[in-house]
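This report first describes the chain as a whole and then turns to one residue within it.

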Amino acid sequence: FDHFHKGHESFLRFILSLSNKIILGLTTEEYIRNKKLSNSIESYSKRKKSIEEFFRKENALYRLEIEPIDNLFIPKKWESLRIDAIVVSNDTQKGAEIINRERKKRGLSQLKVIVAPIIFADSNSELSSFRIRNGEINREGKLYVKDLWFKKDLKLPQDLRKELQKPFGQLFPSIKSIPRIKSDLVITVGDITTKIFNENSLGHKLSVVDFKVGRKKKFSNISELGFLGTEKIVTAHNPAGNITSDLFNKILKIFKSEIKDRAILLIEGEEDLAVLPLILFVPLGATIYYGQPQKGIVEVYVSEEAKKRAYNLTSKLKTV
């Protein structure tokens, strides 16, 4: 029940339609610490609160009992209760089968296994907390990157320029004033910002550069920016004031490879709007740094709110 979403609501309404009393096992933080992107999984207390708020709205809180679970099996304190069935999602059905095998070994009754209907996201694939944490979809199952953007270029209209000049996150006057780098995935956008991060060995995974500063060419190769030359380089065509389909496709290519080693996205043109598609692609909890001319460095901690803002702005760009 991480990042409580539309699929969770449907799952719980399905259970309410079947039962008089629901006993719900909620995984502890210890149990889920090895899951993918576990650093962005909400705390036990936050997940519990979301569930309780849902049942309160459904006027069914009195029918619910929540128990922390730190393994696959039903807590022993529940074994004396008259449990008629266990309701699971499609991807947790195997867990129910394991529970029944263990119960059989111990001479306990077999539970009827009921599989709840699947709720699909926009992409016609299952809506899941992992996909939300991975930055692919929002809690309604809506994709952050439209299919159209992989096929058509986008151009910045004049009336949006002022909006995009506002920092997307917290502005720091210099690298020294940033308290700490607080993410496993750090991305830099812009040549000067990237050069500063390289000089300070700050462990960023991906850099977006165009060899320009203030729209004028300043660098001619990656070594001038402090790179070792062992980094994976992906090139994308992207004129100033645009987000091209090529840029969307190249960012997708990089993230499909899961960035095991450091990568450079080299822009033929300008990277002035590259922050927007990056926010839309990266997992929750990633951090993007980019330069604000004459002001300092902007730190964008990628949250659901940041993705929503980036999506709304990108949707206002003109298709060309």
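The chain has nine helices and 16 strands. The structure is a predicted model. Along the principal axes, the C-alpha atoms fill a box of roughly 75 × 40 × 30 Å. Of the contacts in the chain with a separation of 6 or more, 69% are between residues 24 or more positions apart.

Values for the whole chain are listed below.

| Property of the chain | Value |
|---|---|
| Buried residues | 45% of the 320 residues |
| Exposed area | about 17200 Å² |
| Share of the exposed area from carbon and sulfur atoms | 50% |
| Distance between the mean positions of the 56 positive and 40 negative charges | 1 Å |

The rest of the report concerns Ser207. This residue is found in strand β8, which covers residues 206-209. Is Ser207 buried or exposed? Ser207 has a relative accessible area of 1%, and because buried means under 20% relative accessible area, Ser207 counts as buried.

Which residues is Ser207 in contact with, leaving aside its neighbours within four places in sequence? On the lower-numbered side these are Thr188 and Thr194, and on the higher-numbered side Phe227, Ala263, Ile264 and Leu265. For one of these contacts, with Ala263, a separation can be given: the C-alpha atoms of Ser207 and Ala263 are 6.6 Å apart in space, while the two residues are 56 residues apart in sequence.

Note on methods
Residues are numbered from 1 along each chain as its sequence is written. This is a predicted model: local features need pLDDT of at least 70, side-chain atom pairs count only at pLDDT 80 or more; totals for chains, interfaces and linings use all residues. Side-chain values use heavy atoms; hydrogens and water are left out. Helices (H or I, at least four residues) and strands (E, at least two) are DSSP runs, numbered from the N terminus. Buried means under 20% relative accessible area, exposed over 50%, partly exposed in between (1.4 Å probe, protein chains only). Contact means heavy atoms within 4.5 Å. Accessible areas come from the Shrake-Rupley method with a 1.4 Å probe; for residues, only the protein chains shown count as cover. Lys and Arg count as positive and Asp and Glu as negative; His and the chain ends are not counted. The place of a charge is taken as NZ of Lys, CZ of Arg, CG of Asp or CD of Glu.
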